[in-house]
Amino acid sequence: MKLVRSYLLFTPLLYRILMLLVLPAAMLIFTLVFCVDVILAAIMSSMILCCVEIIADYWVFGGICTKEFPGLEFLKSSVRGRKIFRFAVIGDCLRKLTWCLVLVAGLPVLMVLFDSEKYVGREPAVQLTASFASALLTYATLLAFQFIARHLINFSLNMLFAYAAAVVGTLLAVAAFAWSSVGMLLIGIALSVLLTAFTIWDLNRRMEGSYYDRTM
């Protein structure tokens with residue numbers, strides 16, 4: 001599949017190992033062992049994922065929205081470079097969305113399968129809805145903060161935005177459980193669609209503009 005091949009081509013091997021294998025395994029173990037209920041599992045997963053994803057994004061897309069970014073010169077010399085870049089951007093969004101759904105919403109489901117007593121205080125359907133709302137809000141938070149972080153060359157500033165993303169992601173996850181779970185789910189869906197479309201459009205615009213030194 002072109003989407004998968006382009007994404008794998010664009011990302012370093014160590015990044016793939018850590019983000020595709022180590023991260024989900026570590027979060028699965030952490031959630032099942034240390035989180036005492038579904039609410040804490042979703043909130044902690046959101047916090048960790050926001051922080052780790054923003055930091056890891058620096059390896060691949062750090063500074064990509066600046067003219068100083070040198071990483072596209074090789075792709076621009078290839079007739080297929082633009083397609084590879086487009087597919088890589090789409091693949092990155094899909095990978096982040098998948099991990100948000102699996103690790104923020106999916107892990108609470110696994111917790112219930114292992115121990116039904118970890119539903120605390122509210123109906124299971126409400127908590128699962130809130131978990132999926134947390135997952136989508138986490139994804140939206142990632143896209144919003146990575147847009148800012150991709151304008152930064154300095155890794156220290158990137159770390160600062162990673163911590164800020166973790167705080168915002170945590171607060172939104174809490175809100176998903178504290179307020180209307182359905183309402184927050186709808187907000188999460190809307191923000192996810194809008195920010196995904198904007199992310200793909202913006203990076204492709206910058207890629208095209210870099211050929212004429214207008215942007216990037």
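**Helices side by side**

Okay, let's start with a meeting point: Val38, Ile39, Ala42, Ser46, Leu49, Cys50, Glu53, Ile54 and Asp57 in H3 meet Gln127, Ser131, Thr138, Thr141, Leu142, Phe145, Gln146 and Ala149 in H6. Meeting here is a contact, that is, heavy atoms within 4.5 Å. And H3 and H6 are helices, meaning DSSP runs of H or I with at least four residues (strands are runs of E with at least two), numbered from the N terminus.

A word on what you're looking at. This is a predicted model, where local features need pLDDT of at least 70 and side-chain atom pairs count only at pLDDT 80 or more, while totals for chains, interfaces and linings use all residues. Residues are numbered from 1 along each chain as its sequence is written, and side-chain values use heavy atoms, with hydrogens and water left out.

Now the overall picture. What does the secondary structure of the protein chain come to? Eight helices and zero strands. Read from the N terminus, that gives α-α-α-α-α-α-α-α. Of the 216 residues in the chain, 47% are buried. Buried means under 20% relative accessible area, exposed means over 50%, and partly exposed is in between, using a 1.4 Å probe and protein chains only. Here's one about contacts: take those between residues at least 6 apart in sequence, and 84% of them join residues at least 24 apart.

Back to our pair. The axes of H3 (residues 38-61) and H6 (residues 124-149) come within 10 Å and cross at roughly 20°. An axis is a line fitted to C-alpha atoms, for helices over the stretch in contact, and the angle between N-to-C directions runs from 0 to 180 degrees. Parallel or antiparallel? H3 and H6 are therefore roughly parallel to each other. The cut-offs: under 35 degrees is roughly parallel, over 145 roughly antiparallel, 65 to 115 roughly perpendicular, and the rest oblique. The H3 and H6 crossing is also right-handed. That word applies if the near helix is turned clockwise from the far one by less than a right angle; if anticlockwise, the crossing is left-handed.

Next, bring in H7, residues 155-178. H6 and H7 have axes that come within 8 Å and cross at roughly 155°, and therefore the two are roughly antiparallel. H6 passes H7 in a right-handed crossing. Who touches whom? Among the residues making that contact are Ala130, Leu137 and Phe145 of H6, with Phe161, Ala164 and Leu172 of H7.

H3 gets a turn with H7 too. Their axes come within 8 Å and cross at roughly 155°, so H3 and H7 are roughly antiparallel, and this crossing is right-handed.

Let's zoom in on a few residues. Ala164 sits in H7 and counts as partly exposed because its relative accessibility is 29%. Its C-alpha is 8.9 Å from that of Cys50, although the two are 114 residues apart along the chain. Also in H7 is Ala178, which is exposed at 55% relative accessible area. Ala178 and Ala130 are 48 residues apart in sequence, with 8.9 Å between their C-alpha atoms.

Over in H6 we find Thr129, partly exposed at 23%. Which residues does Thr129 contact, leaving aside its neighbours within four places in sequence? Those are Ser181, Val182 and Leu185. And in H3 there's Val60, buried at 7% relative accessibility; its C-alpha is separated from that of Pro12 by 7.5 Å, with their positions 48 residues apart along the chain.

Last stop is H2, residues 13-34. Its 22 residues reach 30 Å from the first C-alpha to the last, close to the 32 Å expected at 1.5 Å a residue. That expected span is 1.5 Å times one less than the number of residues. Where is the kink in H2? At Val22, shortly before Pro24, with a bend of about 40°. The bend at a residue is the angle between axes fitted to the seven residues ending there and the seven starting there. Pro24 is buried, and so are Tyr15, Met19, Leu23, Met27 and Thr31 in H2.

That's my tour, thanks for listening!
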